[in-house]
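User: I've got a model open and want to understand its empty spaces. Could you walk me through how each label is earned?

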Amino acid sequence: MDMSVFDLFKIGIGPSSSHTVGPMVAARRFLLECGPLDEAVGVEAHLYGSLALTGVGHATDKAVILGLMGETPQGVDPVAVPDKLDEAELEGALKLLGTKMVPFSARTGLVWHKTSTLPEHPNGMRFVLRLADGSIIERIYYSVGGGFITAAGESQAHAAPAGTPVPFPFDTMVQLLEQGKRHGLSIPHMLRANECARMTNQQLDAGLDKIWAVMRECIGHGLVTEGQLPGGLNVRRRAAGLWKQAQQSQQQPRNELPHDAVQQVSLYAMAVNEENAAGGRVVTAPTNGAAGIIPAVLRYYAEDCRPSDPVRGVRDFLLTSAAIGMLCKKNASISGAEIGCQGEVGVACAMAAAGLVAALGGSNEQIENAAEIGIEHHLGMTCDPIGGLVQIPCIERNGMGAIKAITAASLALKGDGTHFVSLDNVIETMRQTGADMQVKYKETSLGGLAVHVVTVNHAAC
Ligand code: SF4
């Protein structure tokens, strides 16, 4: 498997990994691949399919402009973004990769092709660089989910850095389980060994700890930030208010209801997804739309499960989650535009469930069982964000996904690991279900809730 835990968990910016992070990376990569920019006199970005249909709601326009300026998802300061974009708009010009100024207007420089798609994926982009002698350089890229991009003709296997041989290669869960049995090793142990073929143990731990620190900060920020989310739907942030209520009710134990503990986990997830919707700093896990589930379940683990060694537990959690994400990405997809929300929230739920079982010391078979339950109960879930914004149903959907992940982990830990449906089978089912799903339910805002709510509002007018 040509993927690392740090391909699945990437520090980035909201609101979407496929529509914000991927296009930003692609725009920058295009200019880097063009070579010296001294002769550049203009640039255009053409967005196709799902990127064109929901791109404005997902901030694809802003992401492309930032990428052309040379910004990266992990390096860009979310607070400085509005000023940078306003400055470019006022000047009517962009400094390509921070070096070469060319005239640019978002009205003409960004072209939205809403009725056509490029051949290899629903999220296609074509960039054009115009040179002083009248010639052009043109390239096509695809944003294939989770912030991964490919150039035209490049296989998705190359979306991640070229592989170093690893001690425990696997393309299916059966292979991973078989190696675990043969060597008497746990899944997080094997994943650690694979990662250490690319980096030192210390680098791996530092990277995992950093991912968890950014996730924690994101939850913390979301739990104290109130107001309205951008985009025009006037969606109010709810996590902070509900969190305040939860704290007050804890001080008066008699007011507490049995479901209050469950609600806290949903609030952690919603806090992250409100941050994501506001364009804040988030970790793709495995995508931005589904970024709340893994941090929420991790915080539940660290604070409520009374772990004896939480540092080790969190690292094992992330390594195990990554193994499940890799299998889903390789054998199905983690792109809502390709297979619907089952591939985003469903996969995140499976990753979190498996991670929790590993952190709590479950067996490899119990890990597989938890992941399989996590996906099975999201099969067929469509992607139909209202107004093309990653807000409704996405924010609450993460809250629900986190609770399902804990339930899946709990069911798996109560059993002995034997189960009816294998993870490989459920991933293949997800792939086939996604292929059969009508295009309008795959991140186009042309079906489902997106259309129903618009229809109801129009009827009311
Ligand atoms: S509905 Fe699901 S897949 Fe679609 S944008 Fe929202 S979280 Fe992502």
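Analyst: Sure. First, a term we'll need: domain bounds here come from an automatic or database domain assignment. Keep in mind too that this is a predicted model.

User: What makes the largest pocket one that draws on both domain 1 and domain 2?

Analyst: Look at who lines it. Domain 1 (15-159) and domain 2 (173-452) each put at least three residues into the lining of the largest pocket. The pocket has a volume of about 650 Å³, and 36 residues line it, with Gly14, Pro230, Ala277, Ala278 and Gly279 closest to its centre. Helices that each supply at least two lining residues include α2 (17-34), α9 (201-222) and α11 (260-277).

User: How do you know what the chemical make-up of that pocket lining is?

Analyst: Sort the residues by class. The lining of the largest pocket comes out as 20 nonpolar, 11 polar and 5 charged. Watch one detail: Gly counts as polar in this scheme.

User: Why is the largest cavity said to lie between the domains?

Analyst: Because domain 1 (15-159) and domain 2 (173-452) both contribute to its lining, the largest cavity lies between them. It holds about 160 Å³ of space. Of its 18 lining residues, Gly289, Glu344, Cys383, Val390 and Cys394 are the closest to the centre. Two or more lining residues come from each of α2 and α17 (394-414).

User: What makes the largest cavity the ligand's space?

Analyst: The test is that more than half of the ligand's atoms lie within 2 Å of the cavity's grid points. The ligand takes up the space of the largest cavity, so it passes that test. Around the ligand you'll find Gly289, Cys341, Glu344, Cys383, Cys394 and Arg397. By class, that shell has 3 nonpolar, 1 polar and 2 charged residues.

User: Which residues line the second largest cavity?

Analyst: Met1, Met3, Val166, Phe170, Leu191, Asn194, Glu195, Arg198 and Met326 do. This cavity has about 50 Å³ of space, and the structure holds 2 cavities of 30 Å³ or more. Helix α8 (residues 187-195) gives the largest share of the lining, 3 residues. The classes split into 6 nonpolar, 1 polar and 2 charged.

User: Last one: how do you know the chain's radius of gyration agrees with a compact globule?

Analyst: Set the value against the rule. A compact globule of 461 residues would have a radius of gyration near 23 Å, and the chain has 22 Å, so the two agree. The C-alpha atoms fill a box of roughly 70 × 55 × 40 Å along the principal axes, and the chain has 19 helices and 9 strands.

Note on methods:
Residues are numbered from 1 along each chain as its sequence is written. This is a predicted model: local features need pLDDT of at least 70, side-chain atom pairs count only at pLDDT 80 or more; totals for chains, interfaces and linings use all residues. Side-chain values use heavy atoms; hydrogens and water are left out. On a 1 Å grid over the protein atoms alone, a cavity is a set of points where a 1.4 Å probe fits but cannot get out, and a pocket is an open set with protein on both sides within 12 Å along at least five of seven lines; lining residues have an atom within 4 Å of a point. Grid points are joined across faces, edges and corners, and a volume is the space filled by probe spheres set on the points. Helices (H or I, at least four residues) and strands (E, at least two) are DSSP runs, numbered from the N terminus. A residue is near a molecule or strand if one of its heavy atoms lies within 4 Å of it. The radius of gyration is taken over C-alpha atoms; the globule rule is 2.2 Å times the number of residues to the power 0.38.
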